[in-house]
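Trainee: Could you take me through one part of this model up close? I'd like a residue-by-residue look, starting from a single side chain and working outwards.

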Amino acid sequence: MGSTDMRLTKRLGNARTRSPLSAEERSVYEWQLGVAGFGEEGQKSLRSASVLVTRIGGAAATALAAAGIGRLVLAHQGNVRTSDLNRQTLMSSDWVGKPRVESAQRRLKDLNPRVAVEIHNANVGEDNVDDLVASADLVIDGAPLFRERFLLNRATVEQGKPMVDSAMYELEAQLTTFLPGRGPCLACLYPGDPPGWRRQFPVLGAVSTMVGSLAAMEAIKVLTGLGEPLLGRLLVADLRDMSFRTVRLQRNLHCLVCRDHH
């Protein structure tokens with residue numbers, strides 16, 4: 001077990017010492033309690049965990065809320081626009097012109113009132129990144145700008161927090177999980193902004209929904225010890241021909257962000 005794993009386990013506590021699931025919880029989560037390697041202990045681990053989701057598209061937060069995460073921290077600045085509606089599934093047409101995070105909070109609480117939802121009408125920046133990362137056990141990064149991704153990467157490395165990083169373009173998607181002290185970080189892959197990358201890009205809503213759900217699955221695995229996360233591996237999907245492959249990632253021994261955290 002690496003240092004990040006031990007810190008995460010300590011933060012979440014020993015699932016066996018926490019209160020048992022209530023009858024209502026057993027009923028709500030009945031189907032997933034039967035998953036091998038998950039069960040009641042996995043459910044209690046989720047109930048004790050918190051996840052920061054930045055630039056909420058909707059699928060990741062929805063899947064985590066439905067699964068019974070204890071607390072969600074949502075950070076996304078601005079109001080709902082009509083162009084959000086085809087890919088940001090927590091936004092609704094009756095909420096156009098109102099804050100995105102309020103729409104997300106409202107719909108997540110309707111889905112699962114047992115989940116605490118903390119909202120920040122702000123994007124990740126130098127002034128808030130450390131506090132946002134400190135407020136959760138794990139980060140799901142969905143920022144369209146690499147400046148925000150790099151800030152989250154630095155903060156998660158320094159604080160020893162896992163980060164699930166997802167990206168998409170047209171019909172393509174990429175996903176990986178960074179565990180500080182084990183494997184590479186985002187800066188190992190991208191020392192600087194990728195050339196030609198811009199904030200607005202073409203994408204189908206079904207692609208963002210898929211990668212968001214996969215990001216939630218990675219978070220669940222890390223938080224509960226279920227399966228094997230994408231540590232040191234990048235999942236690459238092309239939905240034009242439904243091809244999926246994983247690419248091995250290497251740590252940069254000279255990385256300015258993580259070289260002193262191994």
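Mentor: Ser 103 counts as buried because its relative accessibility is 0%, and the cut-off for buried is anything under 20%. This is a predicted model, by the way, so read every value here as computed from predicted coordinates. Ser 103 sits in helix α6, which covers residues 100-111. Leaving aside residues up to four places away in sequence, Ser 103 touches Val 80, Leu 90, Met 91, Ser 92 and Trp 95. If you want a yardstick across the fold, take Thr 54: Ser 103 and Thr 54 are 49 residues apart in sequence, and their C-alpha atoms are 15 Å apart in space.

Now move on to Arg 55. Arg 55 belongs to the loop between β1 (50-54) and α5 (59-67). Arg 55 is buried too, because its relative accessibility is 11% and the limit is 20%. The side chain of Arg 55 has a partner: a polar contact of 2.5 Å links it with the side chain of Glu 148. Then look at the backbone, where Arg 55 shows a positive phi of about 55° despite not being a glycine. That's worth a pause, because most residues other than glycine have a negative phi.

Met 242 makes a nice companion to that. Its phi is positive as well, about 55°, and Met 242 isn't a glycine either. Met 242 also lies in a loop, this one between β7 (233-238) and β8 (243-248). What about burial? Met 242 counts as exposed, because its relative accessibility is 57% and exposed means over 50%. So you have two loop residues with a positive phi, Arg 55 and Met 242, with Arg 55 buried at 11% and Met 242 exposed at 57%.

Last stop, Glu 24. You'll find Glu 24 in helix α2, residues 23-28. Glu 24 is partly exposed, because 48% relative accessibility falls between the 20% and 50% limits. The side chain of Glu 24 makes a polar contact of 3.4 Å with the side chain of Arg 114. Don't mix up that arginine with Arg 107, which is 83 residues from Glu 24 along the chain, with 20 Å between their C-alpha atoms.

Conventions
Residues numbered from 1 in each chain as written. Predicted model: local features only at pLDDT ≥ 70, side-chain atom pairs only at ≥ 80, totals over all residues. Heavy atoms only, no water. Helix = DSSP H or I, 4+ residues; strand = E, 2+ residues; numbered from the N terminus. Buried < 20%, exposed > 50% of the residue type's maximum accessible area, 1.4 Å probe, protein only. Polar contact = N/O pair within 3.5 Å; in protein donor to acceptor, adjacent residues only side chain to side chain. Contact = heavy atoms within 4.5 Å.
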